[in-house]
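Me: I should like to examine how the descriptive terms applied to a protein model are justified. Please take each term with its criterion.

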Amino acid sequence: MVAVGEDGEPVRTGHRTSEGDQPGQVQVRWVGPWGSGARYQEQEQLQRCQAVLRNWGFEAVEVRGPGGRRYLEVEAARRAPL
């Protein structure tokens, strides 16, 4: 989780989660304060997060959004019927 200031902008670098576009989906972004260089850490940090989430049984897909910024779309893994 990322600490944010009164203006809602991040005050340190880290993961930020928000509701996804679909029910049951979450978006995970790597963000930081303006000028922190978080954008250059984005791919590596999201790949690390993606690996952990997959190990925990979630589906996590990397997506490129507006301006080429990456984020993960995460949801519970679909299980085959018994």
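Reply: The exchange below sets values against definitions.

The model is predicted, so local features require pLDDT of at least 70 and side-chain atom pairs count only at pLDDT 80 or more, while totals for chains, interfaces and linings use all residues. Residues are numbered from 1 along each chain as its sequence is written, and side-chain values use heavy atoms, with hydrogens and water left out.

Me: Why is Glu42 called buried?

Reply: Glu42 has a relative accessible area of 3%. Buried means under 20%, exposed over 50% and partly exposed in between (1.4 Å probe, protein chains only); Glu42 is therefore buried. Glu42 is found in helix H1, a helix being a DSSP run of H or I with at least four residues, and a strand a run of E with at least two, numbered from the N terminus. Leaving aside neighbours within four places in sequence, Glu42 is in contact (heavy atoms within 4.5 Å) with Trp30, Gly68, Arg69 and Arg70.

Me: What makes Glu75 buried?

Reply: The relative accessible area of Glu75 is 18%, so the residue is classed as buried. Glu75 lies in strand S4 and, neighbours within four places in sequence aside, is in contact with Gly24, Gln25, Phe58 and Glu59.

Me: Why is Val52 called partly exposed?

Reply: Val52, in helix H1 (residues 38-55), has a relative accessible area of 38%, and is therefore partly exposed. Val52, Trp56 and Phe58 make a nonpolar surface patch of about 330 Å². Patch residues have over 30% relative accessible area and no salt bridge, with nonpolar side chains (Val, Leu, Ile, Met, Phe, Trp, Tyr) joined within 5 Å and like charges within 9 Å.

Me: What makes up the largest nonpolar core?

Reply: A nonpolar core is a set of buried Ala, Val, Leu, Ile, Met, Phe, Trp, Tyr and Cys residues joined through side-chain atoms within 4.5 Å. The largest has nine residues: Val28, Trp30, Ala38, Leu46, Cys49, Leu53, Ala60, Leu72 and Val74. Strand S2 (26-31), H1 and strand S4 (70-76) each supply at least two of them, and H1 gives the most, with four.

Me: How do you know that S1 and S2 pair?

Reply: Two strands pair if DSSP finds at least two bridges between them. Strand S1 (residues 14-19) and S2 have six bridges, in the antiparallel sense, and therefore pair. Gly14 stands opposite Val31 in S2. S1 and S2 form a hairpin with six residues between them, and Gly24 in the turn has a positive phi of about 80 degrees.

Key
Accessible areas come from the Shrake-Rupley method with a 1.4 Å probe; for residues, only the protein chains shown count as cover. A salt bridge is a side-chain nitrogen of Lys or Arg within 4 Å of a carboxyl oxygen of Asp or Glu.
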